[in-house]
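Student: Hello! I am new to this structure and would like a close look at a single part of it. Could you walk me through it step by step?

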Amino acid sequence: MAGIPQPTGCDAQETGPAHAPGRHDNAATRRWGHTSMWRSREGPTPAKSSAPPRIPTPSPRPAWVLANRRAARPVTYGEPIGSLQEHYNNLCKEKSKKINPFILHILQGVDEEIEQGLEGITLNVAGNNQLIPVERVTGDDFWILSKVLEKNPYINGLDVRYNILRDVGAYYAAKLLQKQYNLIYLNLMFNDIGPEGGDLIAKALYKNVTLKYLRMTGNKIENEGGMSFAAMLQINSSLEKLDLGDCDLGMQSVIAFATVLTQNQKIKGINLNRPILYGEQEESTVHLSHMLKENHCLVELHMSKHGMRNGGMKQLCDALYLSKSLRYLDVSCNKITRDGMVFLADVLKSNTTLEVIDLSFNRIETAGAKCLSETLTSHNRSLKALSVVSNNIEGEGLVALSQSVNTNLTLSNIYIWGNKFDEATCVAYSELIQTGCLKPDNTDVEPYVVDGRVHLAEVSNGLKKHYYWTPTYGEACSHSANAGFNLVPVGHQQDWGAGRPFAGELADVWICVSTSHQREYSGMTPLSMAPLLFLFGLTILCPPPGAGPETLHVLNL
């Protein structure tokens, strides 16, 4: 493989890629409260391979994979002895590999959590952490780390975003997915993984039955890798959320996903943002719209940067009339104008499932905002969050939307920054916040007064502010900055842990025995109530942490 030195002789047994620097990225949230004094190393970046993509016929494995297999010695790894830190140190010495101080530092924090009795831990080895010195994780480093995690029962999430794993690291990630039976969350975003690495990970998921959420964001797996993941969804029955945004998917792979999702009834959320499209016929929107008519399980759909126009919006709205499961629709960064809002407003008059709509960075203008406002004021009572950031909306349209928030008690979140504010707009939103109709955490503006006049300032709240990055200070999973994922928590890793249900199960219905019925149902356990709930088409999951015996967690069948 171009760019990866080939092992020779006795070194062929356990050889990984040479270290190469990663890109400089945005700030990430500090996971542990420790400090260190090591320095990160930098070096020249190897040139990317100019080899043509593989043809869709059986092809040989990469040379580094074959070398690993040919020279593998019969070494068995038992249960880790002592702490993760000790296990990592011992493996590095055994394999004559350099210890990565950043990994060692993170494992120290995990050991402390395990000592406290915590389970369901997410190991955060994000390479864009600016609060502590970071030595980016390479494919070689990840190989050792994967050995440490292979049989660890305490860790169910792994976040290695913004490192330099490349296809070599993807190979070891695939091996980890085949051996680690507790992992339910894996974040590999922006790791320079190409089509070959994407293919390896997709094939590893054929037999994996535990992973719930996979993030491949920003890895250029292209059309070839996208086709591998689409094929995987025909077989895998456990994955519930898949993020392939900014992966340079082609039209062929987008069509393949649309076709597969008509049959796959397990996926609850999928991100297909920014595919590489060359035509103007809005084919991707047409195919995904047809999919929505057939799929009755998809909860979250991201179609940002699809080049969608009003014609595509009409196709999508026609599908939304039939969709009874979609709750989060992201059509940001498209070419939708006020005419597209006529179709959406008509849908919202009858659709009762959509809760979050992201229209950011389109051009719906004042007329489109007023059209939406009329429906939200008079008809719709299911939408909870609306983002119209940077849509060239003037004061009249923004005031109309503020009136919808004032009238519609369900519409709790609205984001308007980047439009044309006038004095009436500033006063209207200031009054909403002061009267409590709009909570400060549920909008991206904050009023302030200068010389007796009200103005609006931007605050860092939104539907998915931390999609690409996390703040240097404060919470990484702040509800106010990631309201969309909080309102529709499909595959949200912060909801995983010991004794807690996975958020992607649509488990958002709580049945609490009211005070007036406590005497009637007191003494009934969840098991004894099972026949009663079964009559109403409900099945019991588990109560929330700290919930009393009168609270049951149920899921609509």
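Student: How many bridges join S1 to strand S2 (residues 155-159), and in which sense do the two run?

Tutor: Happy to help! Please keep in mind that this is a predicted model. To your question: S1 and strand S2 (residues 155-159) are joined by 4 bridges, and the two run parallel. You can find one place where they face each other at Leu123, which stands opposite Leu158 in S2.

Now look at the side chains of S1 itself. Ile121 and Leu123 point one way from the strand, while Thr122 and Asn124 point the other way. All four of these residues are buried. With the cut-off for buried at under 20% relative accessible area, that description holds for both faces of S1.

How does the chain get from one strand to its partner? Follow helix H4 (residues 139-149): together with S1 and S2, this helix makes a right-handed β-α-β unit.

Next, step back to the sheet that holds this pair. It is an open sheet of 11 strands, in the order S1-S2-S3-S4-S5-S6-S7-S8-S9-S10-S11, and the pairing is parallel. Strand S1 (121-124) is one of the edge strands, and strand S11 (413-415) is the other; each of them pairs on one side only. Ignoring direction, neighbouring strands of this sheet are turned by 5° against each other on average.

Further along that order you can look at another pair. Strand S3 (residues 185-187) and strand S4 (residues 213-215) also pair in the parallel sense, over 3 bridges. Here Tyr185 has Tyr213 in S4 as its bridge partner.

To finish, let us turn to the helices. The axes of helix H8 (residues 251-260) and helix H9 (residues 283-294) come within 8 Å and cross at roughly 10°. Angles under 35 degrees count as roughly parallel, and H8 and H9 are therefore roughly parallel to each other. On the H8 side, the contact involves Met251, Val254, Ile255 and Ala258; on the H9 side, they meet Glu283, Ser284, His287, Leu288 and Met291. By type, the residues of this contact of H8 with H9 divide into 6 nonpolar, 2 polar and 1 charged.

One more helix residue is worth finding: Phe343, in helix H11 (residues 338-350). Phe343 counts as partly exposed because its relative accessibility is 26%. Leaving aside residues up to four places away in sequence, Phe343 touches Asn310, Lys314 and Cys317. Phe343 and Asn310 are 33 residues apart along the chain, with 8.7 Å between their C-alpha atoms.

Methods
Residues are numbered from 1 along each chain as its sequence is written. This is a predicted model: local features need pLDDT of at least 70, side-chain atom pairs count only at pLDDT 80 or more; totals for chains, interfaces and linings use all residues. Side-chain values use heavy atoms; hydrogens and water are left out. Axes are lines fitted to C-alpha atoms, for helices over the stretch in contact, and angles run from 0 to 180 degrees between N-to-C directions. Angles under 35 degrees count as roughly parallel, over 145 as roughly antiparallel, 65 to 115 as roughly perpendicular and the rest as oblique. Contact means heavy atoms within 4.5 Å. Ala, Val, Leu, Ile, Met, Phe, Trp, Tyr, Cys and Pro count as nonpolar, Asp, Glu, Lys and Arg as charged, and the others, Gly among them, as polar. Buried means under 20% relative accessible area, exposed over 50%, partly exposed in between (1.4 Å probe, protein chains only). Two strands pair if DSSP finds at least two bridges between them. A crossover is right-handed if, with the strands pointing away from the viewer, the path from the first strand over the helix to the second runs clockwise.
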